[in-house]
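Here is a short report to read with the coordinates open beside you. Take each section as a tour stop, and follow along in your viewer as you go.

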Number of protein chains: 2
Amino acid sequence: MGSGGKSPSVRGCGHKGVANMGGRYLVCLSLVMNVVLLTSLVYGRGHVRKKGREMVAGNQICLQERDGSGEEEHAKFCRAAGKASSCNNSSSSLPASPAKLPSDAIINLDHGDPKLFEAFWRDAVGKRGDTFIPGWQAMSYFSTNAAGTVCWFLEPSLEQEVRRLHRLVGNAEAAADRHVVVGTGSTQLFQAALYALSPPDAPHPVSVVSAAPFYSSYPLVTDYLKSGIYKWAGDAYAFNEIPRHERGPYIELVTSPNNPDGFKREQVVEGNDGKLVYDLAYYWPQYSPIISSIDADIMLFTASKSTGHAGTRIGWALVKDKEVARKMTKFIELNTIGVSKDSQIRTAKILGAISDAYERETAPESEKFFHYSRDLMRQRWKSLRDAIEFRGRFSLPEFPTEFCNFFGEEGSSYPAFAWAKCEAEEVDDCAAYLKANGILTRSGKHFGVDPKYVRISMMDRDDAFNLFIERMSKL
Amino acid sequence: MGSGGKSPSVRGCGHKGVANMGGRYLVCLSLVMNVVLLTSLVYGRGHVRKKGREMVAGNQICLQERDGSGEEEHAKFCRAAGKASSCNNSSSSLPASPAKLPSDAIINLDHGDPKLFEAFWRDAVGKRGDTFIPGWQAMSYFSTNAAGTVCWFLEPSLEQEVRRLHRLVGNAEAAADRHVVVGTGSTQLFQAALYALSPPDAPHPVSVVSAAPFYSSYPLVTDYLKSGIYKWAGDAYAFNEIPRHERGPYIELVTSPNNPDGFKREQVVEGNDGKLVYDLAYYWPQYSPIISSIDADIMLFTASKSTGHAGTRIGWALVKDKEVARKMTKFIELNTIGVSKDSQIRTAKILGAISDAYERETAPESEKFFHYSRDLMRQRWKSLRDAIEFRGRFSLPEFPTEFCNFFGEEGSSYPAFAWAKCEAEEVDDCAAYLKANGILTRSGKHFGVDPKYVRISMMDRDDAFNLFIERMSKL
């Protein structure tokens, strides 16, 4: 549960804690009551389950057989293990947080599924985040665009709320002269950008590069259709070593803050003969101080990471050049004939609810999404650093303190992923080591670097995160 | 408006009709009152407009500069013409049907935008087709699948309603051993099928063929990324003439009923060394008698054509082979990391509303979607045949009478498109001829055949359709 993310760990609440009749007892009693009340609240929402063993199983964290990159593999394992109904249970109802997960549960932190924000949208926002769609609405392929809109399937309410949110946050230039292109997640927009920037009739495919460690999906998504117009060419640092006249045309992906390591980035390949695509999925105040409003040619964002609504599959691009926006729109037309109107309408509602809270003078901080989520991420990073601090078996990136224009104060970064390194000499494969200890992560090898590194999602629900911290503190 | 589609034409309601004080006068008066009442009803739903000229402009049918295939071009023209707000106005509210469209309005019947069903979902279904999504719901990438579900992002409610609807209609085998794969429209599933059926390491791309006239998007969607694993190879009849040992591996798309001509189809390429993909987007009772339950390896469907909800971008595939379903799922994972949960949830609601009405003993026929929509299509086809009958300048396909298992009676086909041929000797380019007469259609050349043919959408709203009929009757 979300609020639990800011609560103290329940590790001290064993028999000893109960036996101790001092202040610790009261804290534990209060925590147990919280769990009981929250459980009752969740199950009261039309969700009936049996007690005891089944309830625990229903909230068991799912294990996975590998450390690879496919989301599908996760579900595959769940089915094989006969735990399907307990593996991915966020889409239609929130699960209860049982007092204790099975001590041998395997924790899957391979994926960046942003489930940690569910509680905010249920408890803090109330009806303001709800969406209602009559049966006759949004039936057409087309949207009612304003004059000048390049993306013919973009819902006007989404365009409006996207621009409004960027104005509020100040993370990217989204004035009226920037074209908004909506996509089925930023993954589709990434491909749309490659399509738009690659000449259709060049003799060789354009090289696509990104500085290692790079997002593990980039090579897969670039090459799965063996396109004749673009191809994955690996690490941008290595590409930069190639003499300029031998390079050929290229596209550099600048992911800032970076997935997996959380650092802010600039372009790596020197010269101005390449095209740049800025993947800004994580450039939001909960993850990283907003130090400037980025003004790049193509900037990609996604609801998955900005608000936590991965299931809507809504991303958007801010694009300077009209012809590039037109070609990106064409890609999406050919790929999926537009983007779900329902999810666009819903995302507009969600983004609007965030902006509204910041405009509502009476709104407490707990209703302000970026304040809430920044506090939650900060708390989680503190827990993780505390857990591994004294043993020295793992290291984490250290982020600079920067002035965040949005919060109006100095702050650090609290990325969506922890990019950890196994420091123990005898451990060559950090993901395998953690897996043997019941924690599934994604190996550094998928990000183009050493398997001594792993990417760990910081975005799972509290029960999983707390068990992860408990386990890390013992390694 | 939908009910108007089943009403007699208002062509007789000119001054002469008003002058005639007999029964015809009463019919016309009644029609005018209907229009006034419907207009008032629509504008009463929170939709405020000014009167007079602006109202007419607000419902003007948009013209387009070309007869090509891109939906985007439509919007482009609308913007260029400064008519953006009146071009694509179906997504957030239904437009009123003004008593008379401007006599010089250009009618765009190039696209198959299924707006004719809007009125059903507003008037006949009521709240049963509405969808409500709380802000915290469906945030995860994952769905809560049943054990054995290959498609990890498929919402269980959609899977259930898809199987239920196929059981009701009897158009395709959808028993539990067939895998359901959901897609962002059937366009994405078409590409997923190509990906799943093409060996990743073959020396040459697999040939993709379909019998001409074939759906105009197939060549574009197959080739836009210049894939190294599949390529468009044109008309299946021509491909069949190639000696078998020279053909190489191929995939044949069997579109039945066919887009553009509406005929039922079987495979064309002889032999069993190819793979088949059945595009059954139009194999629903409103378009074609259901003569058997199809049992092919891969069958594609879409909400756009089955229920008229194009804006949801939901399609589904029924797949026999588990490994093929797994690869199709992998494609969608790489392409868009799943499919909008919101639209899946909504489509489940919509499909459920259709099935429910057929199970509700008290439901009148007007609430039964396939009865309603079959009657509407039949009426439209009758209007079109009546309009062109005596002049002989156009011909239309003649469909056999077949026994429809769903309706339990003999019936004809009433396809979503009219595949018309200009019979006049002096007309070589039928689309250009119709365009000169204010009707935009899609030329036969985009479907791999003679430009004496055009594809005309039968699915626009009543006001556009009625003006189209009026115009055709005068050509």
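## Parallel strands in chain A

In this predicted model, Tyr278(A) stands opposite Met299(A), a residue of strand 8 of chain A. That pair sits where strand 7 of chain A meets strand 8 (residues 298-302) of chain A: the two run parallel and are joined by two bridges.

Strand 7 of chain A also pairs with strand 6 of chain A, again in the parallel sense, this time over five bridges. To find this pairing on screen, look for Leu253(A), whose bridge partner in strand 7 of chain A is Val277(A).

## Backbone features worth a look

Between strand 6 (250-255) and strand 7 (275-279) of chain A lies a loop that holds Pro257(A). The peptide bond joining Ser256(A) to Pro257(A) is cis, with omega at about -5°. Chain B offers a cis bond too, from Ala212(B) to Pro213(B), where omega is near -5°. Pro213(B) belongs to the loop between strand 4 (206-210) and helix 10 (217-223) of chain B.

What is the sign of phi at Arg313(A)? The value is positive, about 55°, although Arg313(A) is not a glycine. You will find this residue in the loop that runs between helix 12 (303-306) and strand 9 (314-319) of chain A. As background, most residues other than glycine have a negative phi, and most peptide bonds are trans.

## An open sheet in chain B

Which strands of chain B form an open sheet, and in what order? There are four, arranged 10-13-16-15, and their pairing is antiparallel. Strand 10 (394-395) and strand 15 (442-443) of chain B are the edge strands, each pairing on one side only.

Further in, strand 13 (residues 417-422) and strand 16 (residues 453-457) of chain B pair in the antiparallel sense over five bridges. Lys421(B) is a handy marker here, as it stands opposite Tyr453(B) of strand 16 of chain B.

## Disulfides and salt bridges

A search of the whole structure turns up two disulfides over all chains. One of them can be seen in chain A, where the sulfur atoms of Cys422(A) and Cys430(A) are 2.2 Å apart. The link between Cys422(A) and Cys430(A) is right-handed, with 65° about the S-S bond.

Salt bridges number 56 over all chains. Side chains of opposite charge can pair when their charged atoms come close. One example joins the side chains of Glu323(A) and Arg326(A), with an N to O distance of 3.0 Å. Why are these two separated by about one helical turn? It is because Glu323(A) and Arg326(A) are three residues apart in helix 13 of chain A.

## Where chain A meets chain B

How many residues does each chain bring to the contact? Chain A gives 93 residues and chain B gives 92 residues. The area buried between chain A and chain B is about 7800 Å², and carbon and sulfur atoms account for 55% of it.

On the polar side, 52 residue pairs are in polar contact between chain A and chain B, counting pairs with both residues at pLDDT 80 or more. Helix 13 (residues 322-336) of chain A supplies the largest share of the side of chain A that touches chain B, with eight residues. By type, that side of chain A divides into 33 nonpolar, 40 polar and 20 charged residues. Four salt bridges cross the interface of chain A and chain B. One of these links the side chains of Asp342(B) and Arg346(A), at 2.7 Å from N to O.

## Strands that pair between the chains

Strand pairing also reaches from one chain to the other. Strand 2 (residues 131-133) of chain A and strand 2 (residues 131-133) of chain B pair in the antiparallel sense over three bridges. To locate this pairing, start at Thr131(A), which stands opposite Ile133(B) in strand 2 of chain B.

Technical notes: Residues numbered from 1 in each chain as written. Chains lettered and ligands numbered in written order. Predicted model: local features only at pLDDT ≥ 70, side-chain atom pairs only at ≥ 80, totals over all residues. Heavy atoms only, no water. Contact = heavy atoms within 4.5 Å. Buried area = accessible area lost by both parts, 1.4 Å probe. Polar contact = N/O pair within 3.5 Å; in protein donor to acceptor, adjacent residues only side chain to side chain. Nonpolar A, V, L, I, M, F, W, Y, C, P; charged D, E, K, R; others polar. Pairing = 2+ DSSP bridges. Disulfide = S-S within 2.5 Å.
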